[in-house]
Structures are given as structure tokens and as C-alpha cells.
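Colleague: I would like to learn how to read a strand-rich model step by step, from pairing to packing. Could you take me through one, giving the general idea before each case?

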Amino acid sequence: MDGDKLIIPADPDNDDDEPEAVIPRSADRFLVPERDKALIFIHRDNERPEIRVRRDGYDEERLIPVTPAAPAPDTLTDYTGHYASDEAETRLRIEVDNGQLIAHRRPADRFELEPLYADARGGTFEADDLGLLRFSRDGNGKVDGLSFSRGRVYDMRFEREEDD
């Protein structure tokens with residue numbers, strides 16, 4: 001909110017992005033004229049609403065409410081280890097440092113992983129300057145890999161390497 005106006009904040013990752021006013025059209029429909037989009041809130045019982053982003057009459061995105069992640073500090077070690085991608089020809093080392101999950105990439109890159117939301121796959125984390133990491137688990141519940149996404153890269157798989 002900015003005074004009496006509902007505002008979509010600027011994207012901090014896009015220097016050209018500006019905050020935009022949202023115009024209410026009904027109790028569950030809002031227009032974003034600068035982006036030529038409509039936001040439609042879909043209410044279900046007592047749950048938080050889903051948001052459909054519509055442009056030219058077609059759904060462009062679905063924004064589904066999720067539960068924020070708050071992994072217990074003693075579960076962070078579930079994610080530690082080495083992960084390799086043949087496709088990217090690279091490896092990541094995940095470790096816990098002072099209660100913070102950290103990803104390392106050679107030669108000397110270090111990324112703090114922030115939990116985004118809890119999910120059935122095993123955990124989703126984001127790191128500034130790296131991207132989105134979604135961990136997966138095998139049938140026994142052990143973390144067995146991760147999926148990396150950023151920009152035009154989507155779902156690049158890394159497999160967990162066996163500990164030596």
C-alpha cells in the first residue's frame with residue numbers, strides 16, 4: 001500500500017522495473033494497466049487465495065500459496081554433500097556453516113541458501129546470484145539430488161554423489 005493505493009513493488013532484480021498501481025475492478029479482480037494484466041483471486045474455503053495472472057484473456061501464470069519453510073537446524077545436514085551435473089559439467093558442494101546452508105561452486109563461489117517453502121520433494125531454497133535449488137528425496141526419504149533453475153535454465157538435474 002502506498003497511501004490509499006495498492007502497489008506492486010518493483011522487481012529488485014530488474015533495474016528497469018518500477019512500482020505499479022493496481023486498480024480494483026471487483027472484490028476479486030484487479031488490473032495492472034502498465035503490464036496489461038489482470039489479477040484474479042480464486043478463493044477456496046478458508047485457504048489463502050490462488051492468484052491467476054491473465055493477459056489478453058489467457059492465464060499467463062498461476063500463483064499458488066505455499067507454506068514458508070522453516071527447516072529445523074538439525075535437518076539441514078540432510079542436504080549436505082556433493083552434487084554433480086553431467087549436463088552443466090559442474091559440481092556443487094552443500095554444507096552447513098554456523099546454522100546456514102551454503103552452496104559452494106569452484107573455484108571459490110559461495111552462496112547462502114535461503115529456504116523458500118516446504119514441499120513434498122524435499123525442500124526448495126534460493127540463493128542470490130545462483131538461483132533456485134529444489135532438493136529431491138528417494139523412496140527412503142534420503143536427499144538424492146537437486147534441480148537447478150535460473151533464467152532460461154529450468155530443472156537442470158544434479159545427482160548426489162556417494163560419500164567417500
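Modeller: We start with what pairing means: two strands count as paired if DSSP finds at least two bridges between them. Please keep in mind throughout that this is a predicted model.

Colleague: With that rule in hand, which residue stands opposite Arg-29, and how many bridges join β3 to β4?

Modeller: Arg-29 stands opposite Ile-40 in β4, and four bridges join β3 (residues 29–32) to β4 (residues 37–42), the two strands running antiparallel. Between these strands lies a hairpin connection of four residues, and in this hairpin Asp-36 takes a positive phi near 55°.

Colleague: How does the pairing continue on either side of these two strands?

Modeller: The general idea is that strands of a sheet pair through backbone hydrogen bonds, either parallel or antiparallel. In this model, β2 (residues 20–24) is joined to β3 by two antiparallel bridges, with Ile-23 opposite Leu-31, and β2 and β3 form a hairpin with four residues between them. Further towards the N terminus, β1 (residues 6–8) pairs with β2 in the antiparallel sense over three bridges, and Ile-7 has Ala-21 as its bridge partner. On the other side, β4 pairs with β5 (residues 50–55) over five bridges, again in the antiparallel sense, and here Ile-42 stands opposite Glu-50.

Colleague: In what order do the nine strands of the open sheet lie, and which strands are at its edges?

Modeller: The order is β10-β9-β8-β7-β15-β14-β13-β12-β11, with antiparallel pairing. The edge strands are β10 (109–112) and β11 (114–117), each of which pairs on one side only, and the twist averages 30° from one strand to the next. Within this sheet, β13 (residues 131–137) and β14 (residues 143–150) are joined by six bridges, and Arg-134 stands opposite Ser-147.

Colleague: How should I read the packing of side chains, and which residues have the most contacts inside the largest nonpolar core?

Modeller: In soluble globular proteins, nonpolar side chains tend to be buried together. The largest nonpolar core here has 19 residues, and those with the most contacts inside it are Ile-94, Leu-113, Leu-133 and Phe-135. Two or more residues each come from β8 (90–97), β9 (100–105), β12 (124–127), β13, β14 and β15 (153–160), the largest share, three residues, being that of β14. Leaving aside residues up to four places away in sequence, Leu-113 touches Ile-94, Gln-100, Leu-101, Ala-103, Phe-125, Glu-126, Ala-127 and Leu-133. There is also a second, separate core of six residues, which includes Phe-30, Val-32, Leu-39 and Ile-51.

Colleague: How many helices and strands does the protein have, and why is it described as more spread out than a compact globule?

Modeller: The secondary structure comes to zero helices and 15 strands. The radius of gyration is 19 Å, well over the 15 Å that the globule rule gives for 164 residues, so the protein is more spread out than a compact globule. Along its principal axes, the C-alpha trace spans about 60 × 40 × 30 Å.

Colleague: What do burial, contacts and surface add to that description?

Modeller: Of the 164 residues, 29% count as buried. Among contacts with a separation of 6 or more, residues 24 or more positions apart account for 21%. The protein exposes about 11,600 Å², of which carbon and sulfur atoms supply 45%.

Terms used: Residues numbered from 1 in each chain as written. Predicted model: local features only at pLDDT ≥ 70, side-chain atom pairs only at ≥ 80, totals over all residues. Heavy atoms only, no water. Axes fitted to C-alpha atoms, helices over the stretch in contact; angles between N-to-C directions. Core = buried A, V, L, I, M, F, W, Y, C linked by side-chain atoms within 4.5 Å. Buried < 20%, exposed > 50% of the residue type's maximum accessible area, 1.4 Å probe, protein only. Contact = heavy atoms within 4.5 Å. Rg over C-alpha atoms; globule rule 2.2 N^0.38 Å. Areas by Shrake-Rupley, 256 points an atom, 1.4 Å probe, with all protein chains shown as cover.
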